[in-house]
Amino acid sequence: MTNDHRIVIVPCSGIGKTYGSVSREAAYVATEDLRPAETQLVALSLLVLGDEQARAEVADNVSITIDGCQLACASKMVKESGGTIAKNYAVLEVYRRHRQFKPQGIGELNAGGQQLAQALAEEIAQEIDALTLAEQTGGQHG
Amino acid sequence: MTGYLEVTIDKFTFRVAPDRWYTREGVWVQPSPLTPFPEGEGNQRVKVGLSDFLQQRSGDVAFAEIKPVGTRLVVGDEIASIETIKVTVALASPISGQLIEVNPALETVPEAINQDPYSTGWLAVIEPTAWDTDRSRLLDAAAYLDMMRHAAAEELP
C-alpha cells in the first residue's frame, strides 16, 4: 500500500453518543498508532458537507467504515460519495464480542470504552493487513 | 401480525399491536393462540415482550438476559434485563406465574427485539397463576396507545 493509495477509515460522527465516541477513538488508534502508513482518516462530517477533497479520497480508495448505531451514517455516506467499502464495523457487534469492555461516557470514555476502542482498532489493523497483502499479491480479499 | 395501531411524533412512528395487553412500562402480554383466554386458570400460556415504543426509546439492544425457565414470578419481579447502547433496563413481570419458555434466538440475535418486537423479538412464555386478576391491571391496545402518545409527546420535541 503506497502513500498515494491508502485505505480510508471513516468513523461515525456521533458526537455526544458513547458508541460514536468508541468508533472515533478506534479510528484514531488505527490511523495514528497501529497503521499510520497504510491509512487515512476522513471525517464523516466532511462527506456530509460535500467536501470535494474528502469525497475524492473516498472515491479513489477503498474504505473501512465504523458505524455507531443502526443508522449506519458512515457506510451510507461512503456509498453516496462513490466509495467502495472493504469492511464495515458496527460498534455494537464488536461490544457483543467483548462484553467485558462496557463503554460509558461521552466527552471522555471510561476504561471499558477505551479498551473496546483498542480491541476494535486491532481488528481493523488486521483487516488492513489483509487488504494490503491482497493488493500486493494482486489477489482478491473477501 | 397486521393492522397495527400507529402514532407518528416528529420523525418517529410507534406501532402498537392490537391483539394483546400492555403494562404502562411497555411490556406486552399475549395469550397463546393455542389456549385462548379466558378459559379458566389451567393450561394457559402467555407470551411477553417489549412494545415498539419501549424498544425504540431504549435503543439498540446489545444483550438480553432473561430469567431461567422454571422461575416463579410475582407481578413486578424482574423477568429480564435488557442492555442497550443507551441504558440497561430491568423489566418487571406483567403477571404472576411460572416462566416456562425463553426465546432462544435472543442469545445470538438480541437485535430481534428492535427489528421485530411483536413477533420474533418476544422474550418469554409464562404460565399464569392469577390471570384474571393480573389482566385487570393491564391496558388494552387503545389505552396503551393513548398513554404512549402522551409519554412520547412529552419526551420528543
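Which residue of β3(A) is the bridge partner of A:Pro11? Keep that in mind as you browse these close-ups of a predicted model.

**Figure 1. Strands β1 and β3 of chain A pair in the parallel sense.** The answer to the opening question is A:Ile66, which is the bridge partner of A:Pro11 in β3(A). This pairing runs over four bridges, with β1 covering residues 7-11 of chain A and β3 covering residues 62-67. A handy reminder for reading strand views: in a regular strand the side chains alternate between the two faces of the sheet.

**Figure 2. The open sheet of chain A has four strands.** Follow the order β2-β1-β3-β4 across the sheet, where the pairing is parallel. At the edges you will find β2 (39-41) and β4 (84-90) of chain A; each has a single partner strand, so one side of each is left without a neighbour in the sheet. From one strand to the next, the twist averages 25°. Helix α6(A) packs on this sheet and touches β1, β2, β3 and β4 of chain A. The direction of α6(A) makes about 160° with that of β4(A).

**Figure 3. Helices α1 and α6 of chain A cross at roughly 50°.** Two packed helices are described by the angle between their axes and the distance between the axes. Here α1 spans residues 18-34 of chain A and α6 spans residues 111-137, and their axes come within 8 Å. The crossing angle of roughly 50° makes α1(A) oblique to α6(A). The crossing of the two helices is right-handed. On the α1(A) side, the contact is made by A:Thr18, A:Ser21, A:Val22, A:Glu25, A:Ala26, A:Val29, A:Ala30 and A:Leu34. From α6(A), the residues taking part include A:Gly113, A:Leu116, A:Leu120 and A:Ile124. By class, the residues of this contact divide into eleven nonpolar, five polar and one charged.

**Figure 4. Chain A contains six helices and four strands.** Reading along the sequence, you meet these elements in the pattern β-α-β-α-α-β-α-β-α-α. The C-alpha atoms of chain A fill a box of roughly 40 × 35 × 25 Å along the principal axes. What radius of gyration does chain A have? The value is 14 Å, which agrees with the figure near 14 Å for a compact globule with 142 residues.

**Figure 5. Strands β1 and β2 of chain B form a hairpin.** In this view, β1 (residues 5-9) and β2 (residues 12-16) of chain B pair in the antiparallel sense over five bridges. To find your place, start from B:Thr8, whose bridge partner in β2(B) is B:Thr13. Two residues lie between the strands, and B:Asp10 in the turn has a positive phi of about 55°.

**Figure 6. An open sheet of six strands is found in chain B.** The order is β3-β4-β5-β11-β10-β7, with antiparallel pairing. Its edge strands are β3 (21-22) and β7 (72-73) of chain B, and each pairs on one side only. Further in, β4 (residues 27-31) and β5 (residues 46-50) of chain B run antiparallel and are joined by five bridges. Here B:Val27 has B:Leu50 of β5(B) as its bridge partner.

**Figure 7. Strand β10 of chain B pairs with β7(B) and is also joined to β11(B).** With β7(B), the pairing is antiparallel and runs over two bridges, β10 being residues 97-102 of chain B. With β11 (residues 124-128) of chain B, β10(B) runs antiparallel and is joined by five bridges. B:Gly97 is a good residue to centre the view on: B:Leu73 stands opposite B:Gly97 of β10(B), and in β11(B) the bridge partner of B:Gly97 is B:Pro128.

**Figure 8. Chain B has four helices and eleven strands.** Along its principal axes, the C-alpha trace of chain B spans about 45 × 30 × 25 Å. For 157 residues, a compact globule would have a radius of gyration near 15 Å, and the 15 Å of chain B agrees with this.

Technical notes: Residues numbered from 1 in each chain as written. Chains lettered and ligands numbered in written order. Predicted model: local features only at pLDDT ≥ 70, side-chain atom pairs only at ≥ 80, totals over all residues. Axes fitted to C-alpha atoms, helices over the stretch in contact; angles between N-to-C directions. Parallel < 35°, antiparallel > 145°, perpendicular 65-115°, else oblique. Left-handed = near helix turned anticlockwise from the far one by under 90°. Contact = placed C-beta atoms within 7 Å. Nonpolar A, V, L, I, M, F, W, Y, C, P; charged D, E, K, R; others polar. Pairing = 2+ DSSP bridges. Rg over C-alpha atoms; globule rule 2.2 N^0.38 Å.
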